[in-house]
Amino acid sequence: MALRCGCKAPRRQWHVLKAWRSAGFSLFPGHRGLWRGAGSPVDPEVKVFLEENTEVTSTGSLTPEIQLRLLTPKCKFWWERADLWPYSDPYWAIYWPGGQALSRYLLDNPETVRGKSVLDLGCGCGATAIAAKMSGASRIVANDIDPIAGMAVSLNCELNWLNPFPILTEDILDMEQEKWDLVVLGDMFYDDDLADRLHQWLRSCSRAYGTRVLIGDPGRPQFKGHCIQQQLSKIVEFSLPKPTCQENNGLTTSAVWEFWP
Ligand SMILES: C[S@@+](CC[C@H](N)C(=O)[O-])C[C@H]1O[C@@H](n2cnc3c(N)ncnc32)[C@H](O)[C@@H]1O
């Protein structure tokens, strides 16, 4: 099993995701959010499940200095039927090319985050928030509407010997803006409606507080075809490692973009 956003169908893919993509449905209907404070406890049952069904890995991505619990071919559910997975689709279990580029950029350019407040919006496995923390950000919040992602991020902080940062599992795109020095988004432009919501939210965030916005994206159609393109400048582009290319049919590079509303 492998998860994909807006790419050619892989050889093995979860039925749920196939259905979603062909029908054009929202990926995360009916999610209910929760606040998680720093170091919040991970449900022990979920923890055991995640530990048994992920592999700790630091290879095959642009950031070998970050260890993550991911779904890999060594895991049962890579090959298993999707409907047997007991939680919502585990997008957090893939380290997406957009997040990889952003994390690489933050690790290579720590001045981008040092001493700053950083929000990782749609954090998934939390790698970009972890990169921000490793590079000296003073305040970090990771946000993902999937509560299991929140728990996975806590486990990934532990793996990297970091004190967990707060994890927010509310959908904040309809909420009042908070002041952030920097908002980072990895691979979040995979759905047209979500892209529109993000664009609007980022625009008001930047205008209200002068927040800097960095977006990591490997050239997904929903990103390349969105009107946000007129307000972007490319900062850096990376060639993707072979395993990431293999998992993301057809994608070979991933770039970091700055948003200028
Ligand atoms: C393709 S994954 C990217 C994860 C991570 N940023 C990376 O690059 O590896 C997209 C993530 O966005 C999350 N997501 C979707 N809609 C969201 C929303 N409205 N607010 C926050 N997170 C959202 C999903 O749960 C998923 O984990």
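**Figure 1. Helix 2 and helix 6 cross in a right-handed sense.** This close-up, like the others here, comes from a predicted model. Helix 2 covers residues 44-52, and helix 6 covers residues 147-159. Their axes are 11 Å apart, and the two helices pack at an angle of about 70 degrees. Angles of 65 to 115 degrees count as roughly perpendicular, and helix 2 and helix 6 are therefore described as roughly perpendicular to each other. On the helix 2 side, look for Val46, Lys47 and Leu50. They meet Ile148, Met151, Ala152 and Leu155 of helix 6. Sorted by class, this contact has six nonpolar residues, one charged residue and no polar ones.

**Figure 2. Helix 4 meets helix 5 with a crossing angle of roughly 0 degrees.** Here we turn to residues 97-108, which form helix 4, and residues 127-134, which form helix 5. The two axes come within 9 Å. With that angle, helix 4 is roughly parallel to helix 5. Helix 4 brings Gly99, Leu102, Ser103, Leu106 and Leu107 to the contact. From helix 5 come Ala127, Thr128, Ala131, Ala132 and Met134. Seven of the contact residues are nonpolar and three are polar, with no charged residue in the set.

**Figure 3. A shell of 25 residues surrounds the ligand.** If you are setting up a view of the ligand's surroundings, begin with the closest residues: Trp96, Gly99, Gly122, Gly124 and Gly186. Gly99 also appears in the contact between helix 4 and helix 5. By class, the shell around the ligand holds 15 nonpolar, six polar and four charged residues.

**Figure 4. Trp161 and Asp187 each have a positive phi without being glycine.** Trp161 has a phi of about 60 degrees, and Asp187 has one near 55 degrees. Both sit in loops, and each is worth a look in its own setting. Trp161 lies between helix 6 and strand 6, the latter made of residues 167-168. Asp187 is found between strand 7 (182-186) and helix 7 (192-209). Is Trp161 buried or exposed? With 8 C-beta neighbours inside 10 Å, Trp161 counts as exposed, because the cut-off for that class is 12 or fewer. Asp187 has 28 C-beta neighbours inside 10 Å and so counts as buried, since that class begins at 20.

**Figure 5. Pro64 sits in a loop between strand 2 and strand 3.** The flanking strands are residues 55-57 and 68-70. Pro64 has 11 other C-beta atoms within 10 Å and is therefore exposed. Leaving out residues up to four places away in sequence, Pro64 touches Ser58 and Thr59. Which distance separates Pro64 from Arg104 in space? Their C-alpha atoms are 9.4 Å apart, while 40 residues separate them in sequence.

**Figure 6. Lys179 belongs to the loop between strand 6 and strand 7.** Lys179 counts as exposed because it has 11 C-beta neighbours inside 10 Å. Try showing Cys205 as well: this residue is 26 positions from Lys179 along the chain, with 7.6 Å between the two C-alpha atoms.

**Figure 7. Glu237 is part of strand 9.** This strand runs over residues 232-239. With 13 other C-beta atoms within 10 Å, Glu237 is partly exposed. Thr253 and Ala255 are in contact with Glu237, neighbours within four places in sequence being set aside. Trp257 is another residue to show in this view, 20 residues from Glu237 in sequence, with a C-alpha to C-alpha separation of 8.9 Å.

**Figure 8. The whole chain puts these close-ups in context.** In the predicted model, the protein chain comes to nine helices and ten strands. Its length is 261 residues, and buried residues make up 43% of them. Among contacts with a separation of 6 or more, 72% are between residues 24 or more positions apart.

Key: Residues numbered from 1 in each chain as written. Predicted model: local features only at pLDDT ≥ 70, side-chain atom pairs only at ≥ 80, totals over all residues. Near = placed C-beta within 6 Å. Nonpolar A, V, L, I, M, F, W, Y, C, P; charged D, E, K, R; others polar. Helix = DSSP H or I, 4+ residues; strand = E, 2+ residues; numbered from the N terminus. Axes fitted to C-alpha atoms, helices over the stretch in contact; angles between N-to-C directions. Parallel < 35°, antiparallel > 145°, perpendicular 65-115°, else oblique. Contact = placed C-beta atoms within 7 Å. Left-handed = near helix turned anticlockwise from the far one by under 90°.
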